[in-house]
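Hi everyone, thanks for making room for this one. I'll put the structure up first and then walk you through it piece by piece.

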Amino acid sequence: MNRSSEIIKTAKSVIDIECYSISQLAKKIGDEFVEAVSLILSSEARLIIAAVGKSANIANKLVATFNSTGQPAIFLHAADAVHGDLGSIQEKDIVICISKSGDTEEIKAIIPLIKNMGNNIIAITGNKNSYLAKEANILLDSSVEKEACPHNLAPTSSTTAQLVLGDALAVCLLKCKNFSKEDFARFHPGGILGKRLRITVKELLTGRVPFVNIDADINKVIVEISEKRLGATVVLDKGIIRGIITDGDLRRMLVKGIDISELKATDIMNNNPKKVDSSSLAYNALKYMKEQNISQLVVINKTEYLGIIHMHDILKEGIVQQ
């Protein structure tokens with residue numbers, strides 16, 4: 001077998017083993033998991049997620065997930081805890097200890113101290129007979145049959161199980177708290193996710209408001225489209241939107257050989273322009289444009305005409321549709 005085939009075979013094996021581990025993990029979700037969610041929901045305190053080694057990397061990721069979904073959490077390295085960092089645990093904080101073996105010296109050292117402080121402990125461990133499992137208030141079993149490592153040594157399946165179990169906790173809390181898209185946006189103001197859930201059409205209006213009156217001649221239409229640089233102009237009749245003319249409409253008429261020199265705006269316009277309310281999310285506006293295969297939308301506030309939003313205005317903000 002050549003090296004390429006061996007690499008592909010090994011990679012697929014790792015994925016299969018870890019997928020199997022997760023499928024078995026689902027069978028372990030029961031009353032204790034419900035108890036853990038209920039305990040966290042009943043408390044207004046923080047989650048302290050303690051771990052050491054590779055489990056510490058998982059703990060850091062889970063802290064980020066909990067914080068981003070509205071559940072305050074901080075990371076506590078078990079080795080640092082016995083050198084002063086235990087003081088970061090406040091009254092009523094709930095401590096989640098993550099450890100594959102449940103018997104690491106660092107974890108065993110801090111468990112009695114945490115219990116003496118009166119804090120509840122949720123254990124995520126792969127060893128139900130470990131010190132951590134026996135001393136915790138709630139045990140969440142993250143055991144796996146084997147690691148994906150061919151020597152069954154490197155934390156692979158076990159850390160994936162820890163991660164998935166933690167994610168399951170976070171999502172259950174999110175749903176129980178009715179954590180909305182708007183709440184999510186408050187915690188993700190930057191980046192593409194935040195922009196999708198936060199930026200409205202009104203915020204992206206350029207200030208250029210292209211329009212011509214319904215009886216405007218073709219020269220006026222062309223000048224307005226050119227000067228406002230949005231690829232279109234709205235046609236108004238006493239302030240009321242009657243239609244839209246795009247540069248594409250003009251090009252198509254010229255390609256057909258139509259003499260447009262004597263035409264008025266009313267002769268060219270599309271009298272059913274696609275509109276969007278100014279309070280709509282820019283992401284939703286972009287999605288609608290792609291569905292309709294158009295590049296512009298007329299922006300309104302109820303019936304008031306505010307301007308035109310172009311697809312490029314949204315894309316420039318880094319808002320993209322997936």
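**A walk through the model**

Let's start with the cysteines. There are zero disulfides in this structure, and do keep in mind that we're looking at a predicted model. Take C19: the closest cysteine sulfur belongs to C149, and at 18 Å that's too far for a bond. For a disulfide, the two sulfurs would have to sit within 2.5 Å. Another cysteine, C97, is buried, at a relative accessible area of 0%.

Now, the sheets. One of them is an open sheet of five strands, and its order is β2-β1-β3-β4-β5 with parallel pairing. The edges are β2, residues 73-77, and β5, residues 138-141, each of which pairs on one side only. If you like angles, neighbouring strands here are turned by 20 degrees against each other on average, ignoring direction.

Let's zoom in on β1. What does it pair with? On one hand there's β3: β1 covers residues 47-51, β3 covers 94-99, and five bridges join the two in parallel. Within that pairing, I49 has I96 as its bridge partner in β3. On the other hand there's β2, also parallel to β1 and also joined to β1 by five bridges. There, I48 is matched with I74 in β2.

And is β1 buried or exposed? Mostly covered: five of its five residues are buried. You can split that by face. L47, I49 and A51 are on one side, I48 and A50 are on the other, and they're all buried, so both faces of the strand are covered. As a reminder of the background, side chains in a regular strand alternate between the two faces of the sheet.

While we're at I48, have a look at Q90. The two are 42 residues apart in sequence, but C-alpha to C-alpha they're 9.3 Å apart in space. Q90 is in the loop between α4, residues 78-81, and β3. With a relative accessible area of 46%, Q90 comes out as partly exposed.

Moving along the chain, we get to β6 and β7. Strand β6, residues 211-213, pairs with β7 in the parallel sense over three bridges. F211 has V234 in β7 as its bridge partner. As for β7, five of its six residues are buried, so the rest of the structure largely encloses this strand.

Next, the other open sheet, this one with three strands. The order is β9-β10-β11, and the pairing is mixed. Its edge strands, β9 at 275-277 and β11 at 304-310, each pair on one side only. Neighbouring strands in this sheet are turned by 35 degrees against each other on average, again with direction ignored. The β9 to β10 pairing is in the parallel sense, over three bridges, and K275 stands opposite V298 in β10.

A couple of backbone oddities for the torsion people. Most residues other than glycine have a negative phi. K238, though, has a positive phi, near 55 degrees. Where is K238? In the loop between β7, residues 232-237, and β8. K238 counts as exposed, because its relative accessibility is 83% and the cut-off is over 50%. Then there's N293, with a positive phi near 60 degrees. N293 lies in the loop between α13, residues 282-292, and β10. N293 is exposed as well, at 70% relative accessible area.

Last stop, and probably the bit you've been waiting for: the pockets. The largest pocket has a volume of about 410 Å³. It's lined by 19 residues, and the closest to the centre are T246, R252, I294, S295 and Q296. Which elements give two or more residues to that lining? They are β8 at 240-246, α11 at 247-255 and β10 at 296-301. The biggest contributor is α11, with five residues.

And chemically, what is the lining made of? It divides into ten polar, five charged and four nonpolar residues.

So, to leave you with the picture: a five-stranded parallel sheet, a three-stranded mixed one, and a largest pocket that takes part of its lining from β10. Happy to rotate the model if anyone wants another look.

Definitions and conventions. Residues are numbered from 1 along each chain as its sequence is written. This is a predicted model: local features need pLDDT of at least 70, side-chain atom pairs count only at pLDDT 80 or more; totals for chains, interfaces and linings use all residues. Side-chain values use heavy atoms; hydrogens and water are left out. On a 1 Å grid over the protein atoms alone, a cavity is a set of points where a 1.4 Å probe fits but cannot get out, and a pocket is an open set with protein on both sides within 12 Å along at least five of seven lines; lining residues have an atom within 4 Å of a point. Grid points are joined across faces, edges and corners, and a volume is the space filled by probe spheres set on the points. Helices (H or I, at least four residues) and strands (E, at least two) are DSSP runs, numbered from the N terminus. Ala, Val, Leu, Ile, Met, Phe, Trp, Tyr, Cys and Pro count as nonpolar, Asp, Glu, Lys and Arg as charged, and the others, Gly among them, as polar. Buried means under 20% relative accessible area, exposed over 50%, partly exposed in between (1.4 Å probe, protein chains only). Two strands pair if DSSP finds at least two bridges between them. Axes are lines fitted to C-alpha atoms, for helices over the stretch in contact, and angles run from 0 to 180 degrees between N-to-C directions.
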